[in-house]
Amino acid sequence: MLKKQSLPKVAAVAAIFVAIILWRPTVLIYGLQAAGLYASIAIPMGLVLGIVHIVNLAHGEIMMVAAYSSYMLCSWLGIDPYISLIPVAIITAIFGFIIYRLTIRQTLKAPELNQLILTFGIAISLTQLANIVFTSQTRKMSFSYVSASMDIGELSFGIYNFVFLVAAIVLAYGLKFFLHKTVAGKAALAVGQNPRGAAIVGIDVDKTYGLIFALACALVGAMGAMFITRSAVFPSVGSPFTMKSFCLIAMAGIGNIPGILGASVLLGVSENFLKAFRATRGWADIVFFVLIISVILGRSIRGKRA
Amino acid sequence: MSKLVTRELSKAFSGLVAVNKLSFSMEEGEILGIIGPNGAGKTTFIHLVSGILMPTSGQIEFKGKDITFSPAHERSRLGIARTYQLIHPLENLTVLENVMIGSVFSRGKNLKEARSAAEAICAELELDGLGRDTSQLTILEIKKMEIARALANEPEVLFLDEVMAGLNSDETRQMIGMVQRIAKEKRMAVGVVEHVMGVIRELTQRVIVLDSGELIAEGPYEEVSKNPRVMEAYLGGAA
Amino acid sequence: MMLEVKKLEAGYGKLQVLRAVDLNVGRESVGLFGPNGAGKTTLINTIMGIVEARSGDIVLEGKSINKLKTHEIARAGIALVPQERELFPGMSVADNLELGAAFVPRGKAVIKKQLEMVFGLFPILKERYAQLVGTMSGGQQRMVAIGRALMAKPSLLILDEPSLGLQPSIVAEVFERLAILKKEVAILVTEQNVRESLKAIDRGYVMENGAVVLEDSATGLATNPHVISAYLGI
Amino acid sequence: MKLKASWLAAALLAVAAIILPAFLGAYPLNVARSIMTYMALAVSWDMLLRSGQISFGIAGLFGLGSYASALAVLRAGMSPAASIVFAVLFAGLVAFGLGFAILRLRAMYFSITTLALMEIFRIIMHNLHDFSGGPEGVVLPAILFNGEAKALYWICLAGLFVTIAASVYFEKSKLHLALTAIRNDEISARTSGVNIFKYLLIAFVATSMLQGLMGAIQVQSYGFTMPDTAFDANFTLLPLAMALLGGIHSTIGPMAGAVLLGVAAEWLKLKIPYGHLVVYGLIIILVILFMPKGLYGLAKDKFKKSHDNRVKGKLS
């Protein structure tokens with residue numbers, strides 16, 4: 001499904017990748033691993049943005065809630081995160097559905113300002129509640145399987161984090177299948193493209209919004225449960241992911257879920273590229289913001305011309 | 001010299017031609033009717049002339065000056081004003097402020113001058129209660145406010161896009177009288193889009209008829225309404 | 001009686017559009033005429049639950065649907081072909097048609113039969129089955145919209161200005177199809193193109209300024225000077 | 001009559017604010033300074049909001065002002081007073097440059113971009129070790145007025161007065177017409193002769209300068225700064241909550257909200273050491289759901305209704 005104009009671009013990106021692999025294979029390896037994490041968290045947000053048309057600024061905080069839930073299940077009951085991700089996803093789905101019904105639904109017809117500020121308020125409340133309940137202390141669990149590594153020639157690297165890349169690919173193509181091949185998914189897609197048209201053919205738009213929001217919360221909840229195998233948990237752990245997710249979606253274009261994967265790879269690899277040098281290590285975080293601002297601006301200017 | 005001239009003006013939206021090679025002119029003191037069936041391109045045409053949309057091709061001249069690609073606020077300053085088919089009151093401003101805005105930004109008046117100019121215009125249109133929010137107005141009052149706002153620009157060319165829609169017959173009559181008086185006193189060129197043909201017949205000296213973005217007839221209403229192409233545009237293929 | 005509209009009033013904010021509208025549709029094809037701004041689309045949107053009724057009643061096959069939401073009205077058996085078509089542009093013809101029937105309880109056999117009927121009416125849809133609707137021409141999209149509405153085997157089909165923005169040759173085609181359809185389903189159609197649509201209707205109403213001012217048979221309307229004057233003010 | 005009364009009340013309040021230090025000790029003055037800083041940020045945030053653009057980058061401009069002022073003293077040897085002026089101009093210049101790019105954006109794109117800009121500023125300060133002191137930040141050789149609490153109170157009050165004056169000017173001048181028109185309906189505004197970009201730029205630059213001003217005053221009053229305090233997200237969150245609670249699209253609303261929430265926050269800080277900010281989050285949610293006009297808007301509606309009723313009573 002490649003368009004002709006995008007061929008040179010694809011070739012250029014491929015050439016850069018080959019060059020990087022030959023020169024510093026770890027940049028690509030860790031870049032892809034980071035991309036997996038970014039994408040798997042961004043994709044559920046992209047689903048909500050594409051269908052409910054809400055920028056959920058509390059997205060990362062839902063993940064944080066899931067991470068704490070999974071942490072508690074693991075530290076109290078000794079349940080492995082890969083098992084607890086199912087109950088955790090159910091918890092966040094219900095939690096998300098309640099949030100939708102009680103708050104977001106009331107602002108769907110209000111100006112966008114209200115939705116942005118509302119979800120911003122939800123994000124703050126959740127972070128601060130976590131602060132009250134868990135204090136700002138960071139919590140980390142260790143799991144033996146995380147240290148799995150692989151040797152290729154002289155190169156040795158951790159392979160565990162590829163789990164997130166796999167999860168991202170499963171999410172992206174799973175959702176694509178759901179949205180394009182199942183009736184419920186097609187209905188959701190229809191609601192996203194034209195809510196009035198959907199109502200006319202008998203689709204309950206309000207219910208669809210609620211269910212999609214809950215589904216997205218379940219997915220990011222599952223990711224949150226897995227997240228504790230990789231990183232420490234603290235109350236504000238989710239907030240950077242909200243912004244990164246939004247930016248990745250904006251880069252891919254709203255509604256283009258597999259595109260989020262591509263954008264994440266671009267971001268992950270460029271970040272790790274900078275991290276590979278001592279002099280530029282601290283600047284790795286900025287890549288992201290520079291990338292995102294240029295993409296948003298580029299899009300808006302092109303939008304103006306069209 | 002004509003106030004406003006368009007030459008071969010066209011606008012296409014991703015392939016769909018909404019306005020197609022439209023050439024016409026408007027003269028000082030004239031009330032011109034712009035009619036045509038739903039979807040004929042009348043509102044798109046006004047958007048093009050007022051600078052809300054930019055044309056795909058063609059040319060627009062205002063008093064001999066080329067304004068084809070001037071931004072909307074500059075055209076407003078030059079002297080082109082309009083109202084909107086779907087009413088656009090500025091909800092968080094009072095009625096007086098709504099009217100003042102044209103004086104302030106198009107004519108560069110200070111607030112005090114603009115206020116008295118706006119009051120004068122509103123008095124002329126018999127619109128009072130100027131400190132009210134726009135949400136408290138009746139439909140007739142909103143329509144009057146929209147016209148007052150356009151007049152505060154002190155335009156030489158004014159477009160009224162369905163200002164009679166939603167008014168009852170008394171209100172319509174009042175509005176017709178008002179538009180005629182304004183056009184005469186201020187020596188403006190007024191373009192009127194209306195679907196109620198009684199209004200067009202009473203109000204205008206000349207009409208242009210659009211169908212699928214093309215100008216299909218031009219002349220006094222009585223003449224145009226007997227034109228078979230016009231009948232066909234409105235009523236469908238020959239009976 | 002298929003649809004009864006009784007003393008219906010509706011509007012937007014301060015603007016009252018419908019004034020005590022009475023209208024009936026039996027097992028027949030009914031036209032709704034009147035100049036732009038007369039309230040035809042508002043009437044249809046009120047029947048469909050998109051605009052809220054202020055007073056009056058709407059009855060479908062003996063049951064009041066006044067308080068139902070749009071999707072419930074669709075499931076109750078009214079299919080609408082809106083003026084703006086309201087299709088799903090990023091989806092294929094197949095998906096658009098499928099969604100037309102997916103949420104109305106009708107059974108697989110019925111859906112299959114309806115699909116055949118839609119393909120019979122508009123063969124081009126069969127050819128373009130996999131094409132994205134957003135890439136099709138206005139006339140083809142209009143056919144998809146009519147097809148989508150028919151998929152649910154509605155008891156009442158409402159069409160709002162089906163000829164809008166179409167070339168004359170396609171307009172004639174659309175009305176030929178409607179003339180066939182009226183044997184199968186009750187139809188309510190608004191139209192500016194009076195003459196063309198008179199071929200496809202049994203009876204019609206004329207609206208002006210939010211009220212019904214005239215009701216007559218198709219042949220009666222064709223010769224009624226009031227219809228012409230409503231449009232051209234002659 | 002009514003107008004004169006409100007001017008008189010404002011003057012009285014101003015005098016009260018000026019003589020306040022005579023009755024307060026160092027700790028309450030410190031609290032008052034923090035409230036005034038948030039108040040100025042809330043008012044300035046609202047000034048841009050009147051055009052419909054929501055900025056999530058208040059802390060960015062605030063931190064930029066802090067750093068500009070601190071570094072002007074440390075690296076260019078400016079006097080503290082001059083460095084404050086420099087910081088204001090610098091923030092204005094940066095906003096002017098950025099404005100050409102980001103004021104084309106609307107709604108969520110604008111908001112998220114301002115948030116991202118704040119992060120960029122923070123990361124830059126974090127990484128320019130030799131110039132900005134890196135993550136540890138910078139310490140100034142001296143605090144303004146030798147840390148005299150009353151003097152610091154007055155300079156902060158001065159910053160607040162400048163902000164309020166600017167906001168009142170925004171409300172009373174033609175900027176009010178332009179910004180409200182842009183917020184309500186850009187198309188209508190354009191055809192009434194409003195140059196949208198020009199007025200957005202004016203509002204963006206002016207509010208950025210005010211935020212930079214408060215940042216500069218802050219850094220000169222405390223004598224040190226680092227990326228995590230200068231760009232603390234609270235400088236975005238608190239003003240936003242204050243303005244929403246008090247009532248947006250006005251000067252008085254954000255001020256009232258700042259007093260209420262500022263005092264409440266001091267009290268809560270003692271009760272709940274961790275997470276007292278949850279109150280801010282909940283207030284934002286509740287205000288959006290149940291009181292989108294804020295307290296000032298609510299009071300105005302009440303007043304109008306009782307006024308209308310009185311007028312009606314007279315007529316009947």
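Which strand of chain B does strand E7 (residues 157–161) pair with, and in which sense, parallel or antiparallel? Colleagues, I shall begin with that pairing and then move outward to the chain contacts and the salt bridges. Please bear in mind throughout that this is a predicted model.

The partner is strand E8 (residues 189–193) of chain B, and the two strands run in the parallel sense over five bridges. Within this pairing, B:Asp161 stands opposite B:Val193 of E8(B). As general background, strands of a sheet pair through backbone hydrogen bonds, either parallel or antiparallel.

E7 and E8 belong to an open sheet of six strands in chain B, in the order E6-E7-E8-E3-E9-E10, and the pairing in the sheet as a whole is mixed. At its edges are strand E6 (80–82) and strand E10 (214–219) of chain B, each of which pairs on one side only. From one strand to the next, the twist averages 20°.

Two helices of chain B lie across this sheet. Helix H1 (residues 42–50) lies across strand E3 (31–35), E6, E7, E8 and strand E9 (206–211), and runs at about 150° to E7(B). Helix H6 (residues 169–186) of chain B lies across E3, E7 and E8, running at about 130° to E3(B).

Let me turn to the assembly. Which two chains share the most contacts among the four pairs that touch? They are chains A and D. In that interface, 40 residues of chain D are in contact with 42 residues of chain A. The two chains bury about 3,400 Å² between them, with 86% of that area on carbon and sulfur atoms. Zero salt bridges are found across the interface of chain D and chain A.

The interface of chain D with chain B involves 22 residues from chain D and 26 residues from chain B. The area buried there is about 2,000 Å², and carbon and sulfur atoms give 58% of it. Between chain D and chain B, too, the count of salt bridges is zero.

Some pairs of chains do not touch. Chain A and chain B are one such pair, with their nearest C-alpha atoms 9 Å apart. Chain C and chain D are another, and their nearest C-alpha atoms are 18 Å apart.

One helix of chain C deserves a remark at this point. Helix H3 (residues 93–102) of chain C is mostly covered, with eight of its 10 residues buried. Among the buried residues of H3(C) are C:Val93, C:Asp95, C:Asn96 and C:Leu99. What covers the buried residues of H3(C) includes an element of another chain, helix H7 (183–193) of chain A. Helix H4 (108–121), helix H5 (123–127) and helix H6 (138–151) of chain C also contribute to that cover.

I come now to the charged side chains. How many salt bridges are there over all chains? The count comes to 29. One of them joins B:Glu28 and B:Lys3, at 3.7 Å from N to O. B:Glu28 lies in the loop between strand E2 (16–26) and E3 of chain B, while B:Lys3 lies in the segment before strand E1 (4–13), so the pair ties together parts that are 25 residues apart in sequence. B:Glu28 is partly exposed, with a relative accessible area of 43%, whereas B:Lys3 counts as buried because its relative accessibility is 9%.

B:Lys3 also forms a salt bridge with B:Glu156, and here the closest N and O atoms are 2.7 Å apart. B:Glu156 is in the loop between helix H5 (139–152) and E7 of chain B, so this pair ties together parts that are 153 residues apart in sequence. At 21% relative accessibility, B:Glu156 counts as partly exposed.

A local example is found in helix H6 of chain B. The side chains of B:Asp170 and B:Arg173 meet in a salt bridge at 3.6 Å from N to O. The two residues are three apart in H6, so about one helical turn separates them. B:Asp170 and B:Arg173 are both exposed. Elsewhere, salt bridges that share partners join B:Lys3, B:Glu28, B:Lys63, B:Glu156 and B:Arg187 into one network.

Finally, the cysteines. The structure holds zero disulfides over all chains. A:Cys74 counts as buried, at 9% relative accessibility, and B:Cys122 counts as buried at 0%.

How values were computed
Residues are numbered from 1 along each chain as its sequence is written. Chains are lettered from A and ligands numbered from 1 in the order in which they are written. This is a predicted model: local features need pLDDT of at least 70, side-chain atom pairs count only at pLDDT 80 or more; totals for chains, interfaces and linings use all residues. Side-chain values use heavy atoms; hydrogens and water are left out. A disulfide is a pair of cysteine sulfur atoms within 2.5 Å. Buried means under 20% relative accessible area, exposed over 50%, partly exposed in between (1.4 Å probe, protein chains only). Contact means heavy atoms within 4.5 Å. Two strands pair if DSSP finds at least two bridges between them. Helices (H or I, at least four residues) and strands (E, at least two) are DSSP runs, numbered from the N terminus. Axes are lines fitted to C-alpha atoms, for helices over the stretch in contact, and angles run from 0 to 180 degrees between N-to-C directions. Buried area is the accessible area (1.4 Å probe) that two parts lose on being put together, summed over both. A salt bridge is a side-chain nitrogen of Lys or Arg within 4 Å of a carboxyl oxygen of Asp or Glu.
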